[in-house]
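Here is a short report for a reader meeting this structure for the first time. It starts with the overall build and then turns to charged pairs.

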Amino acid sequence: MNPTKEFIIVIHSKELLQEAMEQGNLTSRDLVFYYLTRIAEYDQDGPHINAVMEINPDAIFLAEALDVERKTGGRRGLLHGVPILLKDNIGTHDKMHTSAGALALAQYISPEDAFLVRKLRQAGAIILGKTNMTEWANGISSSMWAGYSSRGGQVAHPYGEFFVGGSSTGSAAAAAMNFAAAAVGTETSASILSPAVQMSVVGIKPTVGLISRTGIIPFSYSQDTAGPLARTVSDAAILLGVLAGRDESDPATWRYAGPDGGQDYTGYLNVEGLRGARIGIYCDVPEHVLSSGEVDEFLFDQAVSDLTKAGAQVVKPIEIPSFHGPWKYNKINMEFKHGIQNFLHNLPAHMPIHSLSELIHWNQKHKEQALRYGQDILEYRESLADLLNDRKYIQESVLDLHLAQREGIDHAIDRYQLDAIMFPAYIGADLSAKAGYPSIAVPAGYMENGRPFGVTFAGKAFSEPALIAIAYSFEQHTKHRKQPVFD
């Protein structure tokens with residue numbers, strides 16, 4: 001069987017992929033061949049999207065083994081034999097590297113799979129490769145362009161000469177370009193939601209603790225989470241369900257109350273999920289966001305109208321007392337230094353760096369390749385002292401949660417009796433990130449110049465089922481998303 005390109009594009013949804021493989025119309029090996037061909041044609045040639053950092057050289061062997069397993073023992077689930085791409089800060093113990101986009105880590109191979117990678121492998125997914133990202137998750141330079149890393153270069157936008165968004169740019173671009181069935185990104189604040197909005201894909205930033213952080217190069221202890229990026233809400237929900245689960249090594253996951261094998265979110269994929277739902281509309285867009293061109297007021301008004309047409313009760317406008325702060329960033333800076341110091345300290349002896357100061361010196365020594373945008377943020381964070389014992393850190397850790405939860409999302413949802421809040425683009429990302437709460441970004445049309453636009457639905461902790469139902473209903477009633485015009 002050698003399926004045509006058109007055939008696989010039509011059945012890209014994971015449920016349909018499984019149906020085709022069960023019927024013998026498609027194999028996992030076919031899928032790997034197809035995605036590798038697309039990566040060679042569009043990522044490394046043609047428009048040169050530059051989303052994929054590295055390919056798993058065992059991908060074809062893994063696909064063939066999973067095809068045999070399907071014939072002899074049946075399928076493991078909806079990800080059996082399905083190729084998935086991972087952001088380059090997620091550890092894999094195989095032939096691929098885990099570098100966070102940094103040249104200094106270009107030869108680093110993780111000593112073990114990240115917890116979420118083990119879950120993917122157990123579910124039968126094929127780790128197809130690693131995606132490019134903003135170096136150190138945008139933790140190196142205040143002038144670094146989003147989607148750039150010294151190891152991988154610049155990620156290009158699939159839809160034109162537009163801003164590519166937060167640090168999970170390679171994962172979002174890969175999903176948009178159909179380089180894999182879906183991709184996994186990570187977020188500290190907006191790193192999933194922003195590129196999802198920019199590139200017309202679905203991004204889920206889950207509750208902190210729904211997905212284990214073990215084996216992911218850290219940025220912030222209090223805000224980090226992995227999450228799916230996919231072309232549809234259905235695909236993102238399926239991937240999220242496999243990623244979710246309790247990890248004894250990660251206390252953030254100990255609140256997780258779902259089954260050990262993951263969470264099945266497919267039951268929430270209800271086209272009528274908006275009927276009767278109360279959605280609060282946040283309209284106070286900061287001036288700098290309006291001037292950046294990331295919010296199209298006409299398209300946002302159209303999205304509000306679409307909610308009403310789908311049967312939702314719209315509450316507009318709503319107030320969020322803490323939206324504009326006052327916010328400080330001592331916590332993030334100190335957690336970054338502490339987390340990266342621990343990570344670097346535990347690198348194998350043969351690696352060239354084992355501390356933040358050694359990283360800075362290594363970059364300076366190789367500045368022609370490693371410091372296109374400088375490293376002022378790294379240098380500032382390296383200068384910090386006391387770290388997690390600092391009074392400002394302790395106070396901010398408490399204040400962030402209070403402001404973002406009780407004076408933020410909790411306040412709005414309770415006051416207006418909401419099922420979710422809808423934000424234009426990703427402007428609620430930082431609030432949800434500080435609260436540790438979930439958000440889902442969904443395509444909501446295209447501006448006159450072709451730039452994608454999206455909206456974000458946000459809720460309280462572990463409200464993923466309600467958000468998935470709302471986002472899926474919005475998607476199915478509007479069907480805004482279009483493929484990039486390369487095929």
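The protein chain holds 17 helices and 13 strands. The model is predicted.

**Overall build**

The chain has 487 residues, and a compact globule of that length would have a radius of gyration near 23 Å. The protein chain has 21 Å, which agrees. Its C-alpha atoms fill a box of roughly 65 × 60 × 45 Å along the principal axes.

Of the 487 residues, 62% are buried. Contacts tell a similar story about the fold. Take those with a separation of 6 or more: 76% of them join residues 24 or more positions apart.

The accessible surface comes to about 18500 Å². Carbon and sulfur atoms supply 52% of that surface.

**Charges and salt bridges**

The protein chain carries 41 positive and 55 negative charges. Their mean positions are 2 Å apart. Side chains of opposite charge can pair when their charged atoms come close. How many salt bridges does the structure hold? The number is 16. Three of them are set out here.

| Salt bridge | Closest N to O |
|---|---|
| Arg29 and Glu64 | 2.8 Å |
| Arg151 and Glu54 | 2.9 Å |
| Lys316 and Asp301 | 3.8 Å |

Start with Arg29 and Glu64, which form a salt bridge. Arg29 lies in helix H3 (residues 28–43) and Glu64 in helix H4 (residues 59–73), so the pair ties together parts 35 residues apart in sequence. Arg29 is partly exposed, at 35% relative accessibility. Glu64 is partly exposed too, with a relative accessible area of 29%.

Next come Arg151 and Glu54, joined by a salt bridge. This pair links parts of the chain 97 residues apart. Arg151 sits in the loop between strand S4 (148–149) and strand S5 (153–154), while Glu54 belongs to strand S1 (residues 52–55). Is Glu54 buried or exposed? Glu54 counts as buried, because its relative accessibility is 14% and the cut-off for buried is under 20%. Arg151, at 21%, is partly exposed.

Lys316 and Asp301 make the third pair in the table. Lys316 is in the loop between strand S10 (313–315) and helix H11 (330–345), and Asp301 is in helix H10 (residues 297–309). The two are 15 residues apart. Lys316 is partly exposed at 45% relative accessibility, and Asp301 is partly exposed at 43%.

Some salt bridges share partners. In this way Glu54, Asp88 and Arg151 are joined into one network.

Methods. Residues numbered from 1 in each chain as written. Predicted model: local features only at pLDDT ≥ 70, side-chain atom pairs only at ≥ 80, totals over all residues. Heavy atoms only, no water. Helix = DSSP H or I, 4+ residues; strand = E, 2+ residues; numbered from the N terminus. Rg over C-alpha atoms; globule rule 2.2 N^0.38 Å. Buried < 20%, exposed > 50% of the residue type's maximum accessible area, 1.4 Å probe, protein only. Contact = heavy atoms within 4.5 Å. Areas by Shrake-Rupley, 256 points an atom, 1.4 Å probe, with all protein chains shown as cover. Lys, Arg positive; Asp, Glu negative; His and termini not counted. Charge placed at Lys NZ, Arg CZ, Asp CG, Glu CD. Salt bridge = Lys/Arg side-chain N within 4 Å of Asp/Glu carboxyl O.
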